[in-house]
Amino acid sequence: VPESTVVESELRDWMSSGQPFEEGRHIWQLHDSLTQTLSFALCEQLRLILEPTRTTRLMGDFRTGKRLNMKKIIPYIASNYTKDKIWLRRVRPSQREYQILIALDDSKSMAESHSIHLAFQTLALVSKALNKLEVGDVAIASFGHEMKVLHGFEDGPFTEQAGAHVVESFKFSQTSTNVRRMLEQSIETLIAAREKRSSSSSSSLWQLEIVISDGICQEHDALRALIRKAEEEHILFVFIVIDGHSGSQQAGSEVTSNCKPAQSSIVNMNQAAYQMVDGRLELRTQRYLDSFPFEYFVILDKVEKLPDVLSDTLRQFFERMSA
């Protein structure tokens, strides 16, 4: 029996037994262990993309600076005080100082689409890779009707104990997923976190939010407006669509405004919308993903694909920013 199947079975048993507190750490450890190799792969790929932003190392030969280069003192004296480039400065970024918020969908549809196991693997993989990379501050939030921060930027590293607390907080029982409200609260949270920084470069720092969900959302135009507002605030959203039923249904499943289909792949979904044609409103259908409001998104049906697809998506963004 594949290890992933065993872990998924234990997760199902734990949730059906009411998620006893004492077993939460064990559940997190299982998902952490299951994705250990993949987290190393993602860490190394992100190392090439998320460049250091904070200068901490002293180096160089300058006439003024922060600290004396003791190796230059004797030559300085011997030169009758003419070789006066004896100071060190912080000139090259050597440390990453990003703020990254990971938001995981806590709605009932995640359970109905059999996405919980894959979502927890994704959370474990991404959080561990970011910790290994020492990327900066990492926060974890859940969202459904409202967003709730479970591990804040000021709470320190996302440890095994923190992971257990986060896992225990998810019930996947919320009956609605208000993505618009999640974006609004996320922007508020990230701006507040940036303002708490004392660094003079914090105003130009790009912040990142990784959203993990089944991908079904309404109010696409309003969401696009919020995403544009976020970009103006130097906030990037990357959406990881957990596709728990990839390839399991025939094309043509419809998305309505009041419910989320639980048994169909998002790749095959269509949605109906009224469009103005020759001065008349006509009801037309199109692929759901054709109007998906998030520019940077990946569709995940196997956790093994995550390091490559997530790093490729982030690379596209940073290449555009540096162009």
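A helix here is a DSSP run of at least four residues, numbered from the N terminus. With that settled, a word on the source: this is a predicted model.

I will start with helix α1. Helix α1 covers residues 3-16, and glutamate 10 sits in it. How accessible is glutamate 10? Its relative accessibility is 32%, and because buried means under 20% and exposed over 50%, glutamate 10 counts as partly exposed. Glutamate 10 also belongs to a surface patch of negative charge, where Glu10 gathers with Asp13, Glu22 and Glu23.

Next, a residue on the other side of that cut-off. Serine 127 is found in helix α6, residues 116-133. Its relative accessible area is 2%, so serine 127 is buried. What does its side chain reach? One partner is the backbone oxygen of leucine 123, at 2.7 Å. Another is the backbone oxygen of alanine 124, which lies 3.2 Å from a polar atom of the serine 127 side chain.

Now to charged pairs. Side chains of opposite charge can pair when their charged atoms come close. How many salt bridges are there in the whole structure? The search finds 14. I will go through a few.

Take glutamate 146 and arginine 181, whose side chains meet in a salt bridge at 3.5 Å, N to O. This pair links distant parts of the chain, with the two positions 35 residues apart: glutamate 146 is in the loop between β5 (136-143) and β6 (147-151), and arginine 181 is in helix α8, residues 179-195. Both ends are partly exposed: glutamate 146 has a relative accessible area of 38%, and arginine 181 has 25%.

Helix α8 also holds a pair of its own. Arginine 180 and glutamate 184 are both in that helix, four residues apart, about one turn of the helix. Their side chains form a salt bridge at 3.6 Å, N to O. Arginine 180 is partly exposed at 34% relative accessible area, and glutamate 184 is partly exposed as well, at 25% relative accessibility.

Which residues do these bridges tie together? Glu146, Arg180, Arg181, Glu184 and Glu219 are linked in a network of salt bridges.

One more bridge, and then I am done. Arginine 287 pairs with aspartate 290, and their closest N and O atoms are 2.8 Å apart. Arginine 287 counts as partly exposed, at 35% relative accessibility.

To recap: serine 127 is buried in this model, while glutamate 10 is partly exposed and takes part in the negative patch.

Note on methods
Residues are numbered from 1 along each chain as its sequence is written. This is a predicted model: local features need pLDDT of at least 70, side-chain atom pairs count only at pLDDT 80 or more; totals for chains, interfaces and linings use all residues. Side-chain values use heavy atoms; hydrogens and water are left out. Patches are made of residues with over 30% relative accessible area and no salt bridge: like charges are joined within 9 Å, nonpolar side chains (Val, Leu, Ile, Met, Phe, Trp, Tyr) within 5 Å. Accessible areas come from the Shrake-Rupley method with a 1.4 Å probe; for residues, only the protein chains shown count as cover. A salt bridge is a side-chain nitrogen of Lys or Arg within 4 Å of a carboxyl oxygen of Asp or Glu. Lys and Arg count as positive and Asp and Glu as negative; His and the chain ends are not counted. The place of a charge is taken as NZ of Lys, CZ of Arg, CG of Asp or CD of Glu. Buried means under 20% relative accessible area, exposed over 50%, partly exposed in between (1.4 Å probe, protein chains only). A polar contact is a pair of N or O atoms within 3.5 Å; within protein, one must be able to donate a hydrogen and the other to accept it, and residues adjacent in sequence count only if both atoms are side-chain atoms.
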